[in-house]
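This report describes selected features of one protein structure: a sheet, several salt bridges and a surface patch. The sequence and the structure are shown first.

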Amino acid sequence: MDVALLLAVGLLAQSLGLSLGVPRQRRPSTLYPWHRAPALGRVRRAWVIPPISVSENHKRLPYPLVQIKSDKQPLGSAIYSIQGPGVDEEPQGVFSIDKFTGKVFLNAMLDREKTDRFRLRAFALDLGGATLEEPTDLEIVVVDQNDNRPVFRQEAFMGRVLEGAVPGTYVTRAEATDADDPETDNAALRYSILEQGGPQVFSIDELTGDIRTVQVGLDREVVAVYNLTLQVADMSGDGLTATASAIITLEDINDNAPGFTGDEFFMEVTEAVSGVDVGRLEVEDRDLPGSPNWAARFTILEGDPNGYFTIRTDPKTNEGVLSVVKPLDYERCDQYNLTVAVQNEAPLQAAAPRAQRGQARIHVQVQDINEAPVFQENPLRTSLPEGALPGTPVATFSAQDPDTQQPQRLSYSKDYDPEDWLEVDGATGWVQTQRVLSPASPFLKDGWYRAIILARDDASAPCTATGTLSIEILEVNDHAPELSPPSGSMCSKPEQGSGLLLGATDEDLPPHGAPFHFQLSPRVPELTRNWSLIQINVSHARLRLRHQVPEGLHRLSLLLRDSGQPPQQREQPLNVTVCRCAQDGVCLPGATARHAGGAGVSLGALVIMLASIVLLLLLALPVALVTRSRRPSADKGFLHGLQDDLRDNILNYDEQGGGEEDQDTYDINQLRHPAELAALRDPLGRPPLRRDTPFSRVRPQPPRLLPTSPADIADFINDGLEAANSDPSVPPYDTALIYDYEGDGSMAGTLSSILSSLGDEDQDYSCLWAWGPRFARLADLYGPP
């Protein structure tokens, strides 16, 4: 086949409308894709097959599309095949080819919205399977049809615009899509408004779908929401259509001023109360409820210079609530006339009309009631010296009745006086003492005593006022300082040891206590020859020797003075034991006790004591011998019935005392220095204090009140434990006991000296064998072999 013939066939295929996608003949055109033109100086490339167009939704199937043929073999001597999407790839079976004739057929309806073109590969082989031509491309284009309606992106479009907006204000945009070919009129969309429910207020751009205002006078108070029906059509407005809605809400602006429902309001309120509501003020506002354009704000312009009233807004009803914030006094003013204005929280638009009732008058009538008396000074503070005698004036704690237009008589009484210390005149409120207040009262807090006085009127419905009377108990210097400790020891040589450290305590509170002044008694001027006192600090001094003095007990007299006004002083004895010391300044063992004992007991007294002991022994010896001689036979008879009962038993003997805490059975101080026992006792009869008691004032323990209810028992026990621990005259129960060094050679002697003349060899323990098996072990240890 020559070149001219092949070109004619190709042009014929184009003229048959295949490129337009509308088949016009049943026989497909024949193409020679592998045809090559004769060489005219250079070799040309293979012929490029133009795309074959076919319309979507074609229903006459199978439909011949084209016939391909090789010019190297006659018809029937070549085998043709195609490959690609629509043949052997998904979607399979859409296209097929007659392998002998080369005709290509369409076997299924096409949908351009799914696949708009197919690219296939064509092959030509001889009957032996050898390749006749190189594979070539075959493209099939699906031509679009208007088979899809346009679709809005949403069923309802929402828009908002301020009321009173100018024409042309943008509101919202409507959008739609079309699945058809956007390059054709099948997808050319046009928008329009079918209905707006009234006059034409909005317009829509037919190309973009923008919705805008077209008129002035949008008023939310007239129409708050507009519902528009929209339409979109393809084929530039002449094709398929779809509808949707647009909901446009007008946003409120403050174009309506609030106003009172009336020009005047009348209310009543009781005097002497605060924090109560008096009445409500009704207002009207056409703006959106709950918005700042609607919310009212009230202002009192006139009639309340002292700020007795306030107006708040009820957020639910938008009413003004008038309330009293300060107690009113009927006797001072019985009526208030207020001028009140109202406005919105948001500023009013400049073009909005003003309200006709933006202000109103409020008349508040005050009602008189019986008021409680009033103490002019509450609490009332005064002071008294401690130990004030009965009948001492305290203060006049009087009150006044504010009800001046209904005179009444007041009476006074006590409401709280825990010590029953005060006496109140019922007619005048005059307060005086009726007994002496103990300084140790538990109701004295930091030196203050508190009482509560009542004032009561005589109205039919009486009222009572409560007043607090606070009395400061002024400290008085009525106690002289006391020496602590009243005795001690020091070395006989001045150069040894550090001397004796002395302290003082005072029951008075500052400033009537320290600093203390220590001085050797001026009545005994010879003390200054051997002794000296050196002040260390405000509460301590050190006693030192000027010269060496004899060892033994020395009784000194010291004068102590405090810093109170007037100062109190006391001359007190000081027992100093001078001892022989080692090089480190510590008394040698036995030296102190020996010299103290020799100085305290005379030889005659010692002889009398020894004679008394010998006489007692002579009287007790015969009685003991008689008792021992009768005891074996009695014991044998008594134990005869117990020979078979060898079980161990626990025998409860008499108690020997209550231990270290038992202060009633025996005074352990008598085992120390009996000669100094009288000197150690306080002249006022106070119990001796512990050595670990701090040098500060020790307050006497107040009498404890018994609990009045079961709920107070725990507090009663805890207070008792605390009082015991803080009592300086006894050791605390929760601390280790501290014992003093008693020294050697006590003048009291040892208890074993009573029978020191009798040794163990003089004792006869043979009787233990006759007492039965219970004493067999003792007889074996002490009895004769």
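Two strands are taken to pair if DSSP finds at least two bridges between them. Strands (E, at least two residues) and helices (H or I, at least four) are DSSP runs, numbered from the N terminus. The model is predicted, so local features need pLDDT of at least 70 and side-chain atom pairs count only at pLDDT 80 or more, while totals for chains, interfaces and linings use all residues. Residues are numbered from 1 along each chain as its sequence is written, and side-chain values use heavy atoms, with hydrogens and water left out.

**Sheet**

An open sheet of 4 strands has the order β37-β43-β42-β39, with mixed pairing. Its edges are β37 (487-491) and β39 (517-520); each has a single partner strand, so one side of each lacks a neighbour in the sheet. On average, neighbouring strands of this sheet are turned by 40° against each other, direction ignored; the axes behind such angles are lines fitted to C-alpha atoms. Strands β42 (residues 552-561) and β43 (residues 569-579) run antiparallel and are joined by 10 bridges. R555 stands opposite N575 in β43.

**Salt bridges**

A salt bridge requires a side-chain nitrogen of Lys or Arg within 4 Å of a carboxyl oxygen of Asp or Glu. The structure contains 18 salt bridges, three of which are tabulated here.

| Pair | N to O distance |
|---|---|
| R121 and D137 | 2.7 Å |
| R173 and D210 | 2.5 Å |
| K414 and D420 | 3.0 Å |

R121 belongs to strand β7 (residues 117-126) and D137 to strand β8 (residues 136-143), so their salt bridge ties together parts that are 16 residues apart in sequence. The salt bridge of R173 and D210 joins strand β11 (residues 170-173) to strand β15 (residues 210-213), and therefore parts 37 residues apart in sequence.

For relative accessible area, buried means under 20%, exposed over 50%, and partly exposed in between (1.4 Å probe, protein chains only). R121 is partly exposed at 36%, as is D137 at 47%. R173 is partly exposed at 38%, whereas D210 is buried at 11%. K414, at 31%, and D420, at 43%, are both partly exposed. In addition, a network of salt bridges links R117, R119 and E139.

**Surface patch**

L610, I613 and L617 make up a nonpolar surface patch with about 240 Å² of accessible area together. Patch residues have over 30% relative accessible area and no salt bridge; like charges are joined within 9 Å and nonpolar side chains (Val, Leu, Ile, Met, Phe, Trp, Tyr) within 5 Å. Accessible areas come from the Shrake-Rupley method with a 1.4 Å probe. L610 lies in helix α4 (residues 603-639).

Key
Axes fitted to C-alpha atoms, helices over the stretch in contact; angles between N-to-C directions.
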